[in-house]
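Grab a pencil and have a look at the protein shown here. Try each exercise yourself before you read its solution.

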Amino acid sequence: LVSGGSTPKGLFKLLSETELDWSKVTIGLVDDRFLPDAHKDLNAAMVNELLLVNQAAAANFIPLVFDANDFANNMEIATEMVREIPRPFSCVVLGMGGDSHTASLFPEAEALKAGMDKNNPNDLIGVVPPVAPYHRVSFTRRALLNSKNLFLHIYGDDKKEVFETAKTSGDELTH
């Protein structure tokens, strides 16, 4: 599972050129914005453009948005589709926003408590970010932790500072 945003663009390019049997690889997203297929802010569009090219074009891709007209129906379809991804996940690459969110588990979002609940049986959750645009579909914490390898991919002094603050705050629901 991979994240969207600007950070993974270079990683996607490198991965797309890596020689391996991509036909045996399933790629999914940790989260996505609830938008139509062609929308420029859709994480799936970036994955299609930057990762699912070159060698990686043979990979199987499971997006999180299937019905951009009906959020409830989309959640049902997405939940069924992500069940096809073998568990534990081989690798989850998380990003982090400047507000310390990862996946679409935003501080102060109404869905944050359920999304962070280690006992939440759901793989996916719908999120309405308090300040960011667009409704989101996100994997839950429990689902993301069901991984053989979990990475936080960030760079820059600003993200390092946000990470250090979040790491030492002691309150996972606000930082």
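The exercises below go from the overall build to the sheet, the core and a few backbone oddities, and they all use a predicted model.

**Exercise 1. Work out how many helices and strands the protein has, and in what order they come.**

Start by counting: the protein has six helices and seven strands. Next, walk along the chain from the N terminus, and you get α-β-β-α-β-α-β-α-β-β-α-β-α.

**Exercise 2. Decide whether the radius of gyration agrees with that of a compact globule.**

Begin with the expected value: for 175 residues, a compact globule would come out near 16 Å. Now take the protein's own value, which is 15 Å, so the two agree. For another view of its size, box in the C-alpha atoms along the principal axes, and you need roughly 40 × 40 × 30 Å. Then check how the chain meets itself: among contacts with a separation of 6 or more, 66% are between residues 24 or more positions apart. Finally, turn to the outside, where the accessible surface is about 9,400 Å² and carbon and sulfur atoms hold 52% of that.

**Exercise 3. Find the strand order of the open three-stranded sheet, and explain why β2 and β5 each have a side without a neighbour.**

First, the order is β2-β6-β5, with antiparallel pairing. Second, look at the ends of that order: β2 (31–33) and β5 (124–127) are the edge strands, and each has a single partner, so one side of each has no neighbour in the sheet. Third, add the twist, which averages 15° from one strand to the next. Fourth, zoom in on one pair: β2 and β6 (residues 136–139) run antiparallel and are joined by three bridges. Within this pair, R33 sits opposite R136 of β6. Last, see what packs on the sheet: helix α3 (residues 71–82) touches β5 and β6, and its direction is at about 155° to that of β5.

**Exercise 4. Describe the largest nonpolar core and say which element gives the most to it.**

A bit of background helps: in soluble globular proteins, nonpolar side chains tend to be buried together. In this protein, 42% of the 175 residues count as buried. The largest nonpolar core has 42 residues, and those touching the most other members are L1, I27, V47, L124, F139 and L144. Two or more residues come from each of α2, β3, α3, β4, α4, β5, β6 and α5 (141–145). The top giver is α2, with four residues. Now pick F139 and skip its neighbours within four places in sequence: its contacts include L1, L29, L64, L124 and L144, as well as R87 and D123.

**Exercise 5. Compare N54 with S100: which is buried and which is exposed?**

Remember that most residues other than glycine have a negative phi, and most peptide bonds are trans. Take N54 to begin with: its phi is near 55°, a positive value. N54 lies in the loop between α2 (43–51) and β3 (60–62). Its relative accessible area is 51%, and exposed means over 50%, so N54 is exposed. Then take S100, whose phi is also positive, at about 80°. S100 is in the loop between β4 and α4 (112–116). With 14% relative accessibility, under the 20% cut-off, S100 counts as buried.

**Exercise 6. Find out where P88 lies and what the peptide bond from R87 looks like.**

Check omega: the bond from R87 to P88 has a value near -10°, and it is cis. As for the place, P88 is in the loop between α3 and β4 (92–94).

Technical notes. Residues are numbered from 1 along each chain as its sequence is written. This is a predicted model: local features need pLDDT of at least 70, side-chain atom pairs count only at pLDDT 80 or more; totals for chains, interfaces and linings use all residues. Side-chain values use heavy atoms; hydrogens and water are left out. Two strands pair if DSSP finds at least two bridges between them. Axes are lines fitted to C-alpha atoms, for helices over the stretch in contact, and angles run from 0 to 180 degrees between N-to-C directions. Contact means heavy atoms within 4.5 Å. Buried means under 20% relative accessible area, exposed over 50%, partly exposed in between (1.4 Å probe, protein chains only). The radius of gyration is taken over C-alpha atoms; the globule rule is 2.2 Å times the number of residues to the power 0.38. Accessible areas come from the Shrake-Rupley method with a 1.4 Å probe; for residues, only the protein chains shown count as cover. A nonpolar core is a set of buried Ala, Val, Leu, Ile, Met, Phe, Trp, Tyr and Cys residues joined through side-chain atoms within 4.5 Å.
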